[in-house]
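Hi everyone, thanks for coming. I'd like to walk you through a protein model today, so have a look at the screen and we'll go from the outside in.

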Amino acid sequence: MNIAEHNKYELLVDAVVDYAIYLLDLEGHVASWNSGAARGTGYDASEIMGRHFGCFYPEEDQQAGEPQLGLQRAKDEGRFETEGWRLRKDGTRYWANVVIDPVRTSDGQLVGYASVTRDLTERKEAEDRLHRSEEQFRLLVQGVGDCAIYMLDPNGYITSWNTGAQRIKGYTREEILGKHLSTFYTLEDRAQQVPQRALGIATETGRFEAEGWRMRKDGTSFWAHAIIDRICDDAGRHVGFAKITRDITARRNADIALAEAREALFQSQKLEAIGQLTGGVAHDFNNLLMAVLGSLEILESRLQQDPVALNLLANAVAGAQRGAALTKRMLAFARKQELRPTAVDLKALIQGMSALLQRSAGPTIVIDTLFPLTLDRVQVDNNQLELALLNLVMNARDAMANGGHIVIAARCENVANPKHRTGLAQGNYVCIAVTDEGHGMDQATLDRAMDPFFTTKGVGKGTGLGLSMVHGLAEQSGGRLVLHSAVGQGTTAELWFPVAPVASEPEAAPTAPAPASVPAKLGKKCILVVDDDPLIAMTMNAVLSDLGHESHEAHSGRVALEMLEIGSHFDIVITDYAMPGMNGLQLIEHIRERWPNLPIILASGYAELPEGTSRELVRLPKPFGRDDLVRAVERASKLEAA
């Protein structure tokens, strides 16, 4: 190389300002220095020439022999490249890429080394920032314990795994990496290609979101909310998926419980509203029937010599009595009928009415009973329970047009869980189940089965009040009617009643009612009839007069008190309960204050009267007939005599 070429080379090297390019002798002392070296390290050529290049290394690297190691490797391997911290003249550090090449003569003799150093501090800082960010993100993902967060490759195989995923799904990182996403799906979902469809949707649209059952390592299932997002690189190529799964089983259960509670509240409010309407209608209908039955019974006593008229009259009475039975069912549903609960032996009751049940069911139906050896008594109205059982058996019979089998079973059960399927309060109950082999009911029919006037029977074959009455009896008795049915699988009607207290007396055998007549010893009574309905008051007056009593009317509580005040002597007061202004109980309170020994009969179709009602009060349930009125007057007269 001539002098001119040598000068050009020096000018070229010196013109490079982004790289520190310099020569080292065999021991590592600086033998040349370019402007890039001066700019990068801060040393002028006069300051650095002849100094060992180890001065650019931090003290710890010098002590570790890093400068000598670099020269040795360049000599042995023909080239040495590394990155690390280097020192400037002012003591600051910078991150450098260093390349050391051996310099040899044409005959191969080593005469020194060429060092090229580039300042990569900005790149290093950017990489460090990226690394810190990635580490922070990794720690964040790993620290999330409530969510399973992991990566999938484009084919759905797992490539990362966080602690939340391990906690929720039960797999460790070593166990699950490389497994397919479908590992977490149920067998049914796998058979239907649900995992593949989810990945396909995420690939096409960029996102897939769904809820469903997922499987843990131990085989248990949980309700999951899952999101799959497509991941693309900077060039837009699909490189995998991000998967986030949350266990929302508790939330789902809470939502279901809330929905069930809302539905139960809705059904309760609906039945309460229908019950109030039904009870009001039944009460008004009772008053009409009172007038009809009372008038018909008076006519009956006056038409004994006319057989044709008596025949027609008997038909009219029968129709009115059927109407009275209908109102009793309506009041039963509305839980406003008068009940006389006693301790009832279910086994004895059902065995006693087995012949009636079998005759009512017909020859094509077989009725069997299934009872345990011992069965607690239940607290319920004996007569109403018989009617309820008869209703259930009739419904079972009607569901089996071609005959079949009915099973009446009973069992004792303790309801300890407040979330029991019946919704009953905690306590001891007896469950009576009537099961048939009929066609069953679909869910829509089952939901309406206890609604009043709802029936699946043909026109004229049912009132739609049978189950409503049974429902009302159970509710009013502190129990529950529960129906189980499915199309083609028959129906089971469960009647739950509370166990009778130990001190309760068993139901006594019913005695035949006394004939409808006025005993001679009773004598003529002066009776005040109080009812806001003139039609009822007039009818009762007529019946009482026909029985030989003296009767007077008052159409309000206020008028009744005025009649008592003016000095009229009355032996008995008969008052309605539901009256405007002053109801029957309020009237009774006023009478008790002024005339404490005056016998009072309370006539009402309502069973639920305020607590504290006098024990000496004679009750006369509406609608009542002539015989009922006679017996009520008898009981009131006994109170007067006492």
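Let's start with a term: a salt bridge is a side-chain nitrogen of Lys or Arg within 4 Å of a carboxyl oxygen of Asp or Glu. Glu83 and Arg123 fit that, because their side chains meet with N and O 2.8 Å apart and the cut-off is 4 Å. And keep in mind that what you're looking at is a predicted model.

Where do those two sit? Glu83 is in strand β2 and Arg123 is in helix α6, residues 121-143, so this pair links distant parts of the chain, 40 residues apart. Glu83 is partly exposed, at 32% relative accessible area, and Arg123 is partly exposed too, at 37%.

Now, how many salt bridges are there by this rule? The count comes to 24. Another one joins Asp101 and Arg79, with the closest N and O atoms 3.9 Å apart. Here Asp101 lies in strand β3, while Arg79 is in the loop between α5 and β2, 22 residues away. Those two also belong to a network of salt bridges together with Glu81.

For contrast, take a pair within one helix. Arg73 and Glu77 make a salt bridge at 3.3 Å, N to O, and both lie in helix α5, four residues apart, which is about one turn of the helix. Glu77 is exposed, with a relative accessible area of 51%, whereas Arg73 counts as partly exposed at 36%.

Okay, let's step back. The protein has 21 helices and 20 strands, and of its 642 residues, 42% count as buried.

So what's inside? In soluble globular proteins, nonpolar side chains tend to be buried together. Here, the largest nonpolar core has 41 residues, and Leu385, Ile406 and Leu481 are among those with the most contacts inside it. Helix α15, residues 382-398, gives the most to this core, with seven residues. A second, separate core has 22 residues, including Met540 and Val618.

Not everything nonpolar is tucked away, though: Leu288, Leu535 and Met538 form a nonpolar patch on the surface, with about 280 Å² of accessible area together. Met538 lies in helix α18, residues 534-546.

One last residue: is Asp381 buried or exposed? Asp381 is buried, because its relative accessible area is 6% and the limit is under 20%. It lies in strand β11, and a polar atom of the Asp381 side chain is 3.1 Å from the backbone nitrogen of Gln384.

That's my tour, thanks for listening!

Notes: Residues numbered from 1 in each chain as written. Predicted model: local features only at pLDDT ≥ 70, side-chain atom pairs only at ≥ 80, totals over all residues. Heavy atoms only, no water. Helix = DSSP H or I, 4+ residues; strand = E, 2+ residues; numbered from the N terminus. Buried < 20%, exposed > 50% of the residue type's maximum accessible area, 1.4 Å probe, protein only. Core = buried A, V, L, I, M, F, W, Y, C linked by side-chain atoms within 4.5 Å. Patch = residues over 30% accessible without salt bridge, like charges linked within 9 Å, V, L, I, M, F, W, Y side chains within 5 Å. Areas by Shrake-Rupley, 256 points an atom, 1.4 Å probe, with all protein chains shown as cover. Polar contact = N/O pair within 3.5 Å; in protein donor to acceptor, adjacent residues only side chain to side chain.
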